[in-house]
Amino acid sequence: MADADNTSATPANNDGTEVPSESIHAELGLSSSVLRVVAGEKEAIEKPVKQKVDLQSLPARAYLDQTVIPILLQALSTLAKERPPNPIEYMAAYLLKNKSQFEEKQ
């Protein structure tokens, strides 16, 4: 009966030291499949899949919300704070200067 209780205990070598869990997986033939699953999960977490939306099929409001509204809001906010003497030129320069950071988000 004592042997049956040891099967649920932490595995140990003959000298009484604990066996690393990797060895247990290797003994069961699970190490490569477990490692593949873990690697796949890590990739899924690190690289979220971006779903490309067909911009042409969006309604006008959704298209504008996804493409130009974010940068326009930032530009208008900056414009209101700075209050330059030439607001249209300032806005155009702001949009051209900062468009790359908004294009990456699309």
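A salt bridge is a side-chain nitrogen of Lys or Arg within 4 Å of a carboxyl oxygen of Asp or Glu. Keep that cut-off in mind. The model above is a predicted one, and it holds one salt bridge. The partners are aspartate 65 and arginine 61, whose side chains meet at 3.3 Å, N to O. That value is within 4 Å, so the pair counts. Side chains of opposite charge can pair when their charged atoms come close.

Where do aspartate 65 and arginine 61 sit relative to each other? Both belong to helix α4, which covers residues 60-67. They are four residues apart, so about one helical turn separates them. Now look at their surroundings. Arginine 61 is exposed, with a relative accessibility of 65%. Aspartate 65 is partly exposed, at 36%.

Step back to the whole chain. How many helices and how many strands does the protein have? There are six helices and zero strands. Read from the N terminus, the order of elements is α-α-α-α-α-α. The protein has 106 residues, and 10% of them are buried. Its exposed area is about 9200 Å². Carbon and sulfur atoms supply 57% of that area. Contacts tell another part of the story. Take the contacts with a separation of 6 or more: 27% of them join residues 24 or more positions apart.

Next comes confidence. The average pLDDT of the protein is 76, and 55% of the residues score at least 70. Which elements have the lowest and the highest mean pLDDT? Helix α1, residues 2-6, has the lowest, at 48, while α5 has the highest, at 96. Over residues 2-6 the pLDDT is below 50. This stretch also has zero contacts in the model beyond near neighbours in sequence. Where pLDDT is low, the predicted coordinates should not be read in detail.

Now follow the chain towards α4. Serine 57 lies in the loop between α3, residues 31-46, and α4. Serine 57 is exposed, at 54% relative accessibility. Its side chain reaches back to the backbone oxygen of aspartate 54, at 2.8 Å.

In helix α4 itself, find threonine 67. Is threonine 67 buried or exposed? Its relative accessible area is 12%, so threonine 67 is buried. A polar atom of its side chain lies 2.6 Å from the backbone oxygen of tyrosine 63.

Tyrosine 63 leads us to another feature. Tyr63, Leu64, Val68, Ile69, Leu72, Leu73 and Leu76 make a nonpolar surface patch of about 540 Å². Which helices each supply at least two residues of this patch? They are α4 and α5, the latter covering residues 69-82. Helix α5 gives the largest share, four residues. One member of the patch is leucine 72, found in helix α5. Leucine 72 is partly exposed, at 30% relative accessibility.

Valine 68 is also in the patch. This residue belongs to the loop between α4 and α5. Valine 68 is partly exposed, with a relative accessible area of 33%. Which residue, 34 residues away along the chain, has its C-alpha atom 8.6 Å from that of valine 68? The partner is phenylalanine 102.

Go further along α5 and you reach threonine 78. Threonine 78 is buried, with a relative accessible area of 18%. Its side chain reaches the backbone oxygen of glutamine 74 at 3.0 Å. Threonine 78 also has contacts outside its neighbours within four places in sequence: these are Tyr90 and Tyr94.

Helix α5 is followed by a loop, and α6 covers residues 87-103. Arginine 83 lies in this loop between α5 and α6. Arginine 83 is exposed, at 67% relative accessibility. What is its phi angle near? Phi of arginine 83 is near 45 degrees, which is a positive value in a residue other than glycine.

Look back over the route. The one salt bridge of the structure is in helix α4. Helix α4 also holds the buried threonine 67. Helix α5 supplies four residues to the nonpolar patch and has the highest mean pLDDT among the elements.

Terms used
Residues numbered from 1 in each chain as written. Predicted model: local features only at pLDDT ≥ 70, side-chain atom pairs only at ≥ 80, totals over all residues. Heavy atoms only, no water. Buried < 20%, exposed > 50% of the residue type's maximum accessible area, 1.4 Å probe, protein only. Patch = residues over 30% accessible without salt bridge, like charges linked within 9 Å, V, L, I, M, F, W, Y side chains within 5 Å. Areas by Shrake-Rupley, 256 points an atom, 1.4 Å probe, with all protein chains shown as cover. pLDDT = per-residue confidence, 0-100. Contact = heavy atoms within 4.5 Å. Polar contact = N/O pair within 3.5 Å; in protein donor to acceptor, adjacent residues only side chain to side chain.
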